[in-house]
Amino acid sequence: MGPRTMEAYLDNSATTRCSKRVQEIVQKTMDIDYANPSSMHTKGIEAEKYVKEAAGRIAQTLKVSGKEIIFTSGGTESNNLAVVGAAMAHRRAGNRLVTTQVEHPSVANAMKFLEGQGFEVIYLPVDKDGIVSLEALRGAVDSQTILVSIMQVNNEIGAVEPIAEAAAIVHENNQNTLLHVDAVQSYGKMQIRPRALGVDLLSASGHKIHGPKGVGFLYRKEKTKLNPLLFGGGQQSGMRSGTLNVPGIAGLGEAAAESYEGLEAKQDHLYQLKDRFLRLVSNMEGITVNGKAGRDSAPHIVNISVCGVRSEVLLHALEAHGIYVSAGSACASSHPSPSPTLRAVQASPQRLASALRFSFSVDTSQEEIAYAAAKLEEIVPQLRRYTRK
């Protein structure tokens, strides 16, 4: 094989490249303003300013208060703090938790843990496109329901869940039930207004929006009771003890502000990439799109099943040409097992075994899309011939 002419990084739902502005502020808080934000001297106060400013910048994107932002180590911790923290804090009010069959492992496994603690968990079904059944939700929320957790954008197939409608049903059935939204794949890609939507808790992560890894936040509506998961020096009003990760937090604040600059143009760019990719691959034999296409779905995620070729085989064949994608969710891909999302949408065993996720960012170019589609067209027939032998 000759030298590669191009590289196409199409795994942006797994992680994104840090933007230049994020890199600069992270460097500054590691090199110049490096003090502990809990220290009482001037350098400590300087470091604390970065934390307050980041909280304010994130709050501005959501139209909430900076006091409602809790910094965490990322999406997984935010989801755990919301789900486990809320369940434990409201245990006396009821015993029922409601979620969907297509949640990220950081919600699904937190729910499994809570089942072991004696809570009842209802897992709502979804349709063939991964959209949660609102009828099932209406039947599931009762006087004993303390928390409902529904993701906004599915990390595997890009299904956009009807959060506003779900919130109306939840609060109509039980005004005391809390609604948590995992917004890890939607924050920075869509306008989100938790107060207008009726959302009490919302999770997001830095490295999905061109920020650093190892940092995220949880929006907690004022006065929402949560039990902390971490105990220590009482930082962040006792909600999340531990020395604050100032470089990560400053980088996250920068990434959050940046991601909402010119959002509509960015969304258009992503939808154009998605439309073109789907147009190019739809001409190929034996390819099925998992989930919806077009503007009813997330702008940055495409999931396809390539009949007759195993996901891992195709992933590595594309990698040999400098094209990087993922099989299922990258957060769990080192433990390959059939995707819970694709199982929930009742994908056939063949579709399950051959699913790949292509995910884009504002840095992705039309050339990368065309290159990836051309290589798929070239590689897939070869792999199918090889598989049949």
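In this predicted model, strands β6 (residues 178–182) and β7 (residues 201–205) run parallel and are joined by three bridges. Within this pairing, Val-181 of β6 finds its bridge partner in Leu-202 of β7. The two strands belong to an open sheet of seven strands with mixed pairing, arranged in the order β2-β8-β7-β6-β5-β3-β4. At its edges stand β2 (69–72) and β4 (120–124), each of which pairs on one side only. On average, and with direction ignored, neighbouring strands of this sheet are turned by 20° against each other.

Moving from β6 to its other partner brings strand β5 into view. Here too the strands run parallel, with three bridges joining β5 to β6, and Leu-147 stands opposite Leu-178 in β6. Three bridges also join β5 to strand β3 (residues 96–100), again in a parallel arrangement. In that pairing, Leu-97 stands opposite Leu-147, so that Leu-147 has a partner facing it in β3 as well as in β6. Strand β5 (residues 145–149) is largely enclosed by the rest of the structure, because five of its five residues are buried.

The loop between β7 and β8 holds Gly-206, a buried residue with a relative accessible area of 0%. Setting aside residues up to four places away in sequence, Gly-206 touches Gly-211, Pro-212, Val-215, Gly-216 and Leu-252. Its C-alpha atom is separated by 31 Å from that of Gln-117, a residue 89 places away along the chain.

Helix α2 (residues 42–62) lies across β2, β7 and β8 (216–220), and runs at about 120° to β2. The helix also features in the largest nonpolar core, which has 60 residues; α2 supplies eight of them, the largest share. In soluble globular proteins, nonpolar side chains tend to be buried together. The residues with the most contacts inside this core are Leu-62, Ile-69, Phe-71, Leu-137, Tyr-187 and Phe-217. Of these, Ile-69 makes contact with Ala-55, Ile-58, Ala-59, Leu-62, Val-64, Phe-217, Leu-218, Tyr-219 and Gln-236, leaving aside its neighbours within four places in sequence. Apart from this core lies another, of 30 residues, including Ala-8, Val-302, Ile-379 and Val-380.

Ile-69 appears once more at the second largest pocket, which contains about 440 Å³ of space. The pocket is lined by 17 residues, and those closest to its centre are Val-51, Ile-69, Gln-236, Ser-237 and Leu-244. Both α2 and β2 supply at least two residues of the lining, with α2 giving the most, four residues.

A further open sheet has three strands in the order β9-β10-β12, with antiparallel pairing. Strands β9 (287–290) and β12 (355–359) stand at the edges with a single partner strand each, so one side of each is left without a neighbour in the sheet. Neighbouring strands are turned by 30° against each other on average, direction ignored. Five bridges join strand β10 (residues 301–306) to β12, and Ser-305 stands opposite Ala-355 in β12. Two helices accompany this sheet. Helix α9 (residues 263–282) lies across β9, β10 and β12, at about 10° to β10, whereas helix α10 (residues 311–319) lies across β10 and β12, at about 40° to β12.

Conventions
Residues are numbered from 1 along each chain as its sequence is written. This is a predicted model: local features need pLDDT of at least 70, side-chain atom pairs count only at pLDDT 80 or more; totals for chains, interfaces and linings use all residues. Side-chain values use heavy atoms; hydrogens and water are left out. Two strands pair if DSSP finds at least two bridges between them. Axes are lines fitted to C-alpha atoms, for helices over the stretch in contact, and angles run from 0 to 180 degrees between N-to-C directions. Contact means heavy atoms within 4.5 Å. A nonpolar core is a set of buried Ala, Val, Leu, Ile, Met, Phe, Trp, Tyr and Cys residues joined through side-chain atoms within 4.5 Å. Buried means under 20% relative accessible area, exposed over 50%, partly exposed in between (1.4 Å probe, protein chains only). On a 1 Å grid over the protein atoms alone, a cavity is a set of points where a 1.4 Å probe fits but cannot get out, and a pocket is an open set with protein on both sides within 12 Å along at least five of seven lines; lining residues have an atom within 4 Å of a point. Grid points are joined across faces, edges and corners, and a volume is the space filled by probe spheres set on the points.
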